[in-house]
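Grab a pencil and work through the exercises below. Try each one on the structure before you read its solution.

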Amino acid sequence: MIKYLKTKAALILIMAIIVALCGSFVFLQINTINADAASDEISDAQDVKVGHITDTHYYPFRLGYYGNNIDTDSDDYFYNYITKTSSKLWLESEAIFDASIEKLENSDIDYLVLSGDVGQDGELMSHIDVANKLRKLQNKIRTNQGNDNFQIFVVMGNHDLYNPESWRFDNDNGQKTKFFYTTRMDISMIYAGLGYPNISNEDATNYYSGLTEVLPSGYEFTNSY
C-alpha cells in the first residue's frame, strides 16, 4: 500500500512538472509572437525628421546706427550699448539667421521648431521679420520636397513678449529710443501659419496697415499656403 502511494505521488509530481513546462512554453510562444508583432510595427513606422533652431536673438540690422556721430560717453549710444550691456551678436544676427534658413531650403526635414528667445529683446520688427522669413521657408520646402505637411512651429522665450527693453537707435545721433514691443495678440497675428492659426490676406492687410511706423517701405506680407 505504501509503495502504491509513493508511486502515485511520483506520477502526480511528474504530471505537475509537465503541465508547468507546457504552460511556460505557451507563455514564451505568446510573448515571442507579441514581440515579433511589435518589431514589425516599429520597422513599418515612418521616420520623422525634426529640425531645431533656438535662441536666435534676431535684431534687424536697419534698427541700428551706422552714421558718423560718435559718442564715447553715453551708455545709450548704439555701439556702447551693444558692447557693454550684451554679449549677443547684434550686428550679425540677421545675416546669421538668413544663412541658417537658406541651408534648410532643400532639406528633407518634416518639421522645424524655432524656440525663443526669437528676437533680441522682443522688438516688434524682429518678430515680423522672422515670421515672414519663416513662412517663405515653409512654402519653399513644401514646394521643393512636395511635402504639403511640412510645418514650422515657433515657441516664444522670456525676452519675446512685453519686453520693456525693446529699442531702436536714432538715425541722427545713435542714441537708443523706445521701440514697439510685442504682445500676445501681436504674436498670434505675426506668426500666423507657424503653429498659430492662418489668417486671410485681408486680415493681414488690416493688421499690418496699422504698423506703418514700424514696417520698412515696400514691406510685403508672405502668407502660408
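**Exercise 1.** Find which residues Lys88 is in contact with, once its neighbours within four places in sequence are left aside.

*Solution.*
- Step 1: Locate the residue in this predicted model. Lys88 sits in the loop that runs between helix H2 (78-84) and helix H3 (93-104).
- Step 2: Skip everything within four places in sequence and look for heavy atoms within 4.5 Å. What's left for Lys88 is His57, Gln120 and His159.
- Step 3: Check a distance too. Tyr59 is 29 residues from Lys88 in sequence, and their C-alpha atoms are 10.0 Å apart in space.
- Step 4: Ask how open the spot is. Lys88 has 33% relative accessibility, so it counts as partly exposed, since that label covers values between 20% and 50%.

**Exercise 2.** One of those contacts, His57, has a phi worth checking; decide also whether His57 is buried or exposed.

*Solution.*
- Step 1: Place the residue: His57 belongs to the loop between S1 and H2.
- Step 2: Read the backbone angle. Phi of His57 is near 45 degrees, which is positive even though the residue isn't glycine.
- Step 3: Compare its accessibility with the cut-off. Buried means under 20%, and His57 has a relative accessible area of 8%, so it is buried.
- Step 4: Now try Tyr162, in the loop between strand S3 (151-155) and strand S4 (167-169). Its phi is near 50 degrees, again a positive value in a residue other than glycine. With a relative accessible area of 42%, though, Tyr162 is partly exposed.

**Exercise 3.** Work out whether the length of H3 agrees with what its 12 residues should span.

*Solution.*
- Step 1: Count the rises. The expected span is 1.5 Å times one less than the number of residues, so the 12 residues of H3 should cover 16 Å.
- Step 2: Compare with the model. The end C-alpha atoms of H3 are 17 Å apart, and that agrees.

**Exercise 4.** Sort residues of H3 into buried and exposed, and say on which side of the helix each group lies.

*Solution.*
- Step 1: List the buried ones: Ser93, Glu94, Phe97, Ile101 and Leu104. They span an arc of only 95 degrees around the axis, so they're on the same side of H3.
- Step 2: Recall the geometry behind this. An α-helix has 3.6 residues a turn, so residues three or four places apart point the same way.
- Step 3: Look at the other side of H3, where Ala95, Glu102 and Lys103 are exposed.
- Step 4: Zoom in on Ala95. It has a relative accessible area of 52%, so it counts as exposed, because the cut-off is over 50%. Ala95 and Pro60 are 35 residues apart in sequence, yet 9.3 Å apart C-alpha to C-alpha.
- Step 5: Find the cover. S1, strand S2 (111-115) and H4 are among the elements over the buried residues of H3.

**Exercise 5.** Repeat the sorting for helix H6 (residues 201-208): which residues are buried?

*Solution.*
- Step 1: The buried set is Ala204, Tyr207 and Tyr208. Their arc around the axis is only 85 degrees, so they lie on the same side of H6.
- Step 2: Glu202, Thr205 and Asn206 are exposed on the other side of H6.
- Step 3: The cover over the buried residues of H6 includes helix H4 (124-145) and helix H5 (184-190).

**Exercise 6.** Find which residues form a nonpolar patch on the surface with Val48.

*Solution.*
- Step 1: Start from Val48, in the loop between helix H1 (2-44) and strand S1 (50-54). Its relative accessible area is 52%, so Val48 is exposed.
- Step 2: Add its partners. Val48, Val50, Tyr111 and Phe153 make up the patch, and together they have about 350 Å² of accessible area.

**Exercise 7.** Where is the cis peptide bond that involves Asp117?

*Solution.*
- Step 1: Asp117 lies in the loop between S2 and H4.
- Step 2: The cis bond joins Gly116 and Asp117, with omega at about 15 degrees.

**Exercise 8.** Step back: how many helices and strands are in the chain?

*Solution.*
- Step 1: Count six helices and five strands. Along the sequence, the pattern reads α-β-α-α-β-α-β-β-β-α-α.
- Step 2: Add the burial: of the chain's 225 residues, 40% count as buried.

Key
Residues numbered from 1 in each chain as written. Predicted model: local features only at pLDDT ≥ 70, side-chain atom pairs only at ≥ 80, totals over all residues. Heavy atoms only, no water. Helix = DSSP H or I, 4+ residues; strand = E, 2+ residues; numbered from the N terminus. Buried < 20%, exposed > 50% of the residue type's maximum accessible area, 1.4 Å probe, protein only. Arc of directions from axis to C-beta. Patch = residues over 30% accessible without salt bridge, like charges linked within 9 Å, V, L, I, M, F, W, Y side chains within 5 Å. Areas by Shrake-Rupley, 256 points an atom, 1.4 Å probe, with all protein chains shown as cover. Salt bridge = Lys/Arg side-chain N within 4 Å of Asp/Glu carboxyl O.
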